[in-house]
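I set out to record what I looked up in this structure, entry by entry. The entries concern strands, ring pairs, a helix contact and a loop residue.

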Amino acid sequence: MRNTRSVIKTFLSYRRYINAGRDIDKLIPKKVGRKYKSTIAYMPEVLDTIKLYRKTGHNKFEISSFVYKDHSVAISPSSIYRITRHLGINKLNPRLKEAKRRIIKMYAGEMGHIDVHHVTKGTVKDVGNKKLYIVGLLDSYSRVCWLEVVDSVKSIDVMFSSLDCLLKLKQRYDITFKEILSDNGAEFSSKNNIQHPFERMLKFYDIKHRYTKPCRPQTNGKIERFWKTLEDELLQDETFETLQEFKEHILGYTLYYNEHRMHQGIHLKTPKEMLVS
């Protein structure tokens, strides 16, 4: 009934519009937005900046930020992508990919990526519904990583697990970190509290703490990608009888990943081979 009344009301409005002698063509919807394959007009210096940053390997999110900083011009990442595609520079060739890799990290320990991964309930039978997590620290240059299993993401527990990761990477692979990148989670971040356990640990070892941009997990993309690999190759649809068995498998996979598994992002070398290359 309501739809019928709406149709009648619309029809009567249309009749009044016609009877008033108004232009009927104005009722036809007009197409909005840019035409297919059309370009966006920007100042030449803005386009030059986009070309410069893209040719040094930066992605659309970084370029968008740089353009605003350099020219006070707000261009969305999706528009940056369209511009680079129109200019034919949206895909990085192998030389540019290598240049990008070298810009970010030149040696082992220059930057570490740290994160906490939630283990799906039921993965370990003897812990029941108790939550389990994996703390992971990955070297940005070599992709060497170390993992520790924890049952709490309290800052003090994560700090001790992170300390274990630091010590194991130093002991086995002789990696000493200059900087570590984490998200802004409470287990890692407290810029205004110098007594925060993780912050104090980094300060003790003279490691600079860098933070990801809020709501931008891709900033810490290497460790995020590692979690996907771990799920695909070890954890997905897998169950373990005991916590000890689970920890042994995590350790075994860590050593396999570091010393035997070839990595496409580092030219099909193993992470350990990157340390001596």
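**Entry 1, strand S3.** I looked first at burial along strand S3, residues 145-150, in this predicted model. I found six of its six residues buried, so the strand is largely enclosed by the rest of the structure. In a regular strand, side chains alternate between the two faces of the sheet. I therefore checked the sides of S3 separately, and both are covered, so neither face lacks buried residues. On one side I noted Cys145, Leu147 and Val149, and on the other Trp146, Glu148 and Val150, all of them buried.

**Entry 2, the partner of S3.** I then looked up the pairing of S3 with strand S2, residues 132-139. The two run in the antiparallel sense, with six bridges between them. Opposite Glu148 of S3 I located Val135. S2 and S3 make up a hairpin, and five residues separate them. In the turn, I read a positive phi of about 75° for Arg143.

**Entry 3, aromatic pairs.** How many aromatic pairs does the structure hold? I counted seven. For Phe188 and Phe198, I obtained a distance of 5.0 Å between ring centres and an angle of 70° between planes; the angle is over 60 degrees, so I entered the pair as edge-to-face. Phe188 belongs to the loop between strand S4 (179-182) and helix H7 (197-204), whereas Phe198 is in H7 itself, so the pair ties together parts ten residues apart in sequence. I looked up burial for both: Phe188 is buried at a relative accessible area of 0%, and Phe198 is buried with a value of 0%. I also recorded a cluster in which ring pairs link Phe226, Trp227, Tyr253, Tyr256 and Tyr257.

**Entry 4, helices H6 and H7.** I next examined helix H6, residues 155-173, against H7: their axes come within 8 Å and cross at roughly 30°. This angle makes H6 roughly parallel to H7. On the H6 side I listed Ser155, Ile156, Met159, Ser162, Leu163 and Leu166 as making the contact, and on the H7 side Pro197, Phe198 and Met201. Sorted by class, the contact comprises seven nonpolar residues, two polar ones and no charged ones.

**Entry 5, Ser190.** Is Ser190 buried or exposed? I located Ser190 in the loop between S4 and H7. Its relative accessibility is 19%, and the cut-off for burial is under 20%, so I entered Ser190 as buried. Leaving aside residues up to four places away in sequence, I found that Ser190 touches His196 and Glu199.

How values were computed:
Residues numbered from 1 in each chain as written. Predicted model: local features only at pLDDT ≥ 70, side-chain atom pairs only at ≥ 80, totals over all residues. Heavy atoms only, no water. Buried < 20%, exposed > 50% of the residue type's maximum accessible area, 1.4 Å probe, protein only. Pairing = 2+ DSSP bridges. Phe/Tyr/Trp six-rings, centres within 6.5 Å; stacked < 30°, edge-to-face > 60°. Axes fitted to C-alpha atoms, helices over the stretch in contact; angles between N-to-C directions. Parallel < 35°, antiparallel > 145°, perpendicular 65-115°, else oblique. Contact = heavy atoms within 4.5 Å. Nonpolar A, V, L, I, M, F, W, Y, C, P; charged D, E, K, R; others polar.
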